[in-house]
Amino acid sequence: MSNSAIVGVNWGDEGKGRMVDLLTDHYDIVVRYQGGGNAGHTVINRYGKFALHLLPSGIFRADVLNILGNGVALDAENLMREIDTVREGGVSVTPDNLKVSCRASLLLPWHRQLDELEEKRLADKKYGSTKQGIAPFYADKYAKKTVMAGELLCPDKLKAHLADLLEWKNLTLTGVYGAEPCTMEQLMTWVETWGERLKPYLCDTGKLLDEANRAGKRILFEAQLGTLRDLDLGIYPYTTSSNTIAAYAPIGAGCPSVKLDHVVGVVKAYSTCVGEGPFTCEWFGEEAEKLREAGGEYGAKTGRPRRVGPVDVVATRYGARMQAADAIALTKLDVLSYMDEIPVCEKYRVGGDETDEFPLPMFLDQAEPVIRTMPGWKTDISGIRRFEDLPEEARSYVLYLEEQIGVPIRYVSVGPERDSIILR
Ligand code: GDP
């Protein structure tokens, strides 16, 4: 029996979706345990290219059961639209291969609206929200002011609960932001349009997972975003509003009895970051543009150009430790093939001193990268499938990162396709 989590070690977009898609073969169940429709996994397989936001990446494997756990921000509207898109690609999504936790809280229409209103109010101090309503949703969840998906199964209770929340939320919408109030009709239309479609997928997924675990089924936990966006351990306040780390997986999945046997931390061969916040190794200008183009670094959800830079050993070592990763998947090594020399951010300089330690968020804006360069390989490596067939410079780069991170690099990805992978 082997339960695993596949998680991002850095700022997100490391290629987790691609790794989950590759590894789902070895698992019976894939679970999303946190986050919502605010980030995207890009998956390329025989059905085509898909940007998944809420659906677990196991959805493309016929014999895999996919679960959205209680920890996710359950955006019924986005989920149903995503199901429609994936179905159009010929993929079957039914209540047999997708289950949604009755305990997941619902992202309501005003969460997206409030996200937009708040980003507008913040103007140039904005956090770079994707405006999918995630922060207002989690704020309301922890204030106990949203509804659980299971309430859709008790319409009378749901209506009364929504009426209470409406009265309360309109105080904020109208009083704080001067926006139009939401009406009960609008809410009920939303419930009838999107909530109804969600109902067939709802069940007690915690119980299901507990039973599956006892029966020896193998469970894969899939995270959204990366360590540095974890609410508690990331670059607060430029984090997401949930816990992205693997240790949260059994909670967000509703099955604390399930132990993680392995944590695969996904690291990109260079750094990217979407949105605001400190990003010590950031490149600008032509150098950045070249890397962004080479790696196709534009947000899966927003299309925003991602901020880019060399691999950041300091942040990566911290990220891998917080994830308790016991294996690393290094992705996009092929993207670096155009470089004469490969730069690496080996240490930070903070207040005149060099350090190997990732600083606390309040000191990050003082950190400067200490860069070393390694020889490039200047040859196409995307067709290579064995580590020993990689050019020596590419092997040296991988081995150097492995030593610096302190965790074995078990997978080296050299292309977006399912089989463009080197196993070690
Ligand atoms: P995720 O959210 O962590 O799954 O990451 P994204 O999907 O946002 O970004 C990863 C992107 O890189 C996707 O477009 C993948 O298809 C692509 N990708 C993943 N691994 C590789 C790789 O090894 N080489 C190349 N060239 N592209 C890759």
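**Exercise 1. Find how many cavities of 30 Å³ or more the whole structure has, then describe the largest cavity.**

*Solution.* Start with the search. The whole structure holds three cavities of 30 Å³ or more. On a 1 Å grid over the protein atoms alone, a cavity is a set of points where a 1.4 Å probe fits but cannot get out; lining residues have an atom within 4 Å of a point. The model is predicted: local features need pLDDT of at least 70, side-chain atom pairs count only at pLDDT 80 or more, and totals for chains, interfaces and linings use all residues. Residues are numbered from 1 along each chain as its sequence is written, and side-chain values use heavy atoms, without hydrogens and water.

Next, take the volume. The largest cavity has about 60 Å³, counted as the space filled by probe spheres set on grid points joined across faces, edges and corners.

Now list the lining. It has 13 residues, and N10, K268, Y270, S271 and T272 are the closest to the centre. Strand 11 (262-268), strand 12 (271-273) and strand 14 (311-312) each supply at least two lining residues. Strands (E, at least two residues) and helices (H or I, at least four) are DSSP runs, numbered from the N terminus.

Last, place the cavity. Domain 1 (4-103 + 201-265) and domain 3 (266-423) both give residues to the lining, so the largest cavity lies between them. Domain bounds come from an automatic or database domain assignment.

**Exercise 2. Work out where the largest nonpolar core lies.**

*Solution.* Count first. This core has 56 residues, and F221, I328, L333, L336, Y397 and L401 have the most contacts inside it. A nonpolar core is a set of buried Ala, Val, Leu, Ile, Met, Phe, Trp, Tyr and Cys residues joined through side-chain atoms within 4.5 Å; buried means under 20% relative accessible area (1.4 Å probe, protein chains only).

Then find the main supplier. Helix 11 (residues 392-405) gives the largest share, six residues. Domain 1 (4-103 + 201-265) and domain 3 (266-423) both contribute, so the core lies between them.

Zoom in on L401. L401 touches V311, V313, L330 and I409, leaving out residues up to four places away in sequence. Another core lies apart, with 42 residues, including F60, M80, V100 and W194.

**Exercise 3. State how far apart the centres of domain 1 and domain 3 are, and how many residues make the contact.**

*Solution.* Over C-alpha atoms, the two centres are 24 Å apart. The contact takes 43 residues from domain 1 and 40 residues from domain 3. Contact means heavy atoms within 4.5 Å.

Conventions. On a 1 Å grid over the protein atoms alone, a cavity is a set of points where a 1.4 Å probe fits but cannot get out, and a pocket is an open set with protein on both sides within 12 Å along at least five of seven lines; lining residues have an atom within 4 Å of a point. Buried means under 20% relative accessible area, exposed over 50%, partly exposed in between (1.4 Å probe, protein chains only).
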